[in-house]
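Trainee: I would like to go through the labels used for this model and ask what each one rests on.
Mentor: Go ahead, one label at a time.

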Amino acid sequence: MEEIEMVKSRFKNVCVFCGSSSGKRNSYRDSALELAQELVKRGLDLVYGGGSVGLMGLVSQEVHRGGGHVLGIIPKTLMCKEITGETVGEVLPVADMHQRKAEMARHSDCFIALPGRGWVQPGGYGTLEELLEVITWAQLGIHDKPVGLLNVDGYYNYFLTFIDKAVDDGFIYPSHRHIIVSAPNAKDLLQKLEEYVPGHDGVVAKARWEAEQLELNASLQIDIAR
């Protein structure tokens, strides 16, 4: 068995947004496996939306197989195995999609979006929605965690062009453009995330957000117990 060369990281938990489909290109599957292997190599644990189908299944199973801790956060309404498959590792059931996003963010040190398409599971529209929310939270100073796009075969090129257009037309500050980092492969993307430096001081907003999340988590546990 080939010995894995470990790489030191400043992160502990990485949140990966990805879809319930594997896509039409083999490169999407390959990139998901490559990302999982890079997480294992760096001793990073995985936070994701739960389930074992599509790219989310490939990433979670590969990280779990490599000895990493896997936390799947999934709404109770989507926990049917016929819909999502069986989640590996630890499962955290939540009341709804809003609590799912809050918990994924709370348990993570950085975020990565893979290509994906989704129906009831995030991916495609869902992945973009989750991605844009954590970017917006960074813009508002709610968190200072880096956000990365695994831009396989230029999958996110048009999205990045749209963001640049919004900057050019005055709807996004140039200083906020740097919130998003991207790379065509997992190794380069993780290196960029490691080197990321926040462009603003969001300490006050972050403290307020974390206090609100503690309150939300308390109410979440009450909802789940019902």
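Trainee: Why is E194 called buried?
Mentor: This is a predicted model, and in it E194 has a relative accessible area of 14%. Buried means under 20%, so E194 is buried.

Trainee: Where does E194 lie, and which residues does E194 touch?
Mentor: E194 lies in helix α8, which covers residues 186-195. Not counting residues up to four places away in sequence, E194 touches K8, S9, R10, F11 and R42. For F11, the separation along the chain is 183 residues, while the C-alpha atoms of E194 and F11 are separated by 7.8 Å.

Trainee: What makes α1 and α8 oblique to each other?
Mentor: Two packed helices are described by the angle between their axes and the distance between the axes. For helix α1 (residues 26-41) and α8, the angle is about 50° and the axes are 9 Å apart. Under 35 degrees would count as roughly parallel, and 65 to 115 as roughly perpendicular. The angle of about 50° falls in neither range, and α1 and α8 are therefore oblique. Their crossing is right-handed.

Trainee: Which residues make the contact between α1 and α8?
Mentor: On α1 they are E34, L35, E38 and L39, and on α8 they are A186, K187 and L190. L39 also touches V14, V16, L44, L46 and V63, among the residues more than four places away in sequence. In the largest nonpolar core, which has 56 residues, V16, L35, L39 and I112 are those with the most contacts inside it.

Trainee: How do you know that S31 is buried?
Mentor: S31, in helix α1, has a relative accessible area of 4%. The cut-off is under 20%, so S31 counts as buried. Leaving aside neighbours within four places in sequence, S31 is in contact with L114, L150 and V152.

Trainee: How many aromatic pairs are there, and why is the pair of Y155 and Y156 called edge-to-face?
Mentor: The count comes to four aromatic pairs. The ring centres of Y155 and Y156 are 4.9 Å apart and the planes are at 90°. A pair needs centres within 6.5 Å, and planes over 60 degrees apart count as edge-to-face, so the pair is edge-to-face. Y156 and F159 also form an edge-to-face pair, with 6.2 Å centre to centre and 70° between the planes. Y28, Y155, Y156 and F159 form one aromatic cluster.

Trainee: Are Y155, Y156 and F159 buried or partly exposed?
Mentor: Y156 is buried, with a relative accessible area of 4%. F159 counts as buried at 13%. Y155 has 34% relative accessibility; buried needs under 20% and exposed over 50%, so Y155 counts as partly exposed.

Trainee: Why is D153 called partly exposed?
Mentor: The relative accessibility of D153 is 48%. Exposed needs over 50% and buried under 20%, so D153 counts as partly exposed. D153 is placed in the loop between β6 (147-150) and α6 (157-168).

Trainee: What is phi of D153?
Mentor: Phi of D153 is near 50°, a positive value in a residue other than glycine.

Technical notes: Residues numbered from 1 in each chain as written. Predicted model: local features only at pLDDT ≥ 70, side-chain atom pairs only at ≥ 80, totals over all residues. Heavy atoms only, no water. Core = buried A, V, L, I, M, F, W, Y, C linked by side-chain atoms within 4.5 Å. Buried < 20%, exposed > 50% of the residue type's maximum accessible area, 1.4 Å probe, protein only. Contact = heavy atoms within 4.5 Å. Helix = DSSP H or I, 4+ residues; strand = E, 2+ residues; numbered from the N terminus. Phe/Tyr/Trp six-rings, centres within 6.5 Å; stacked < 30°, edge-to-face > 60°. Axes fitted to C-alpha atoms, helices over the stretch in contact; angles between N-to-C directions. Parallel < 35°, antiparallel > 145°, perpendicular 65-115°, else oblique. Left-handed = near helix turned anticlockwise from the far one by under 90°.
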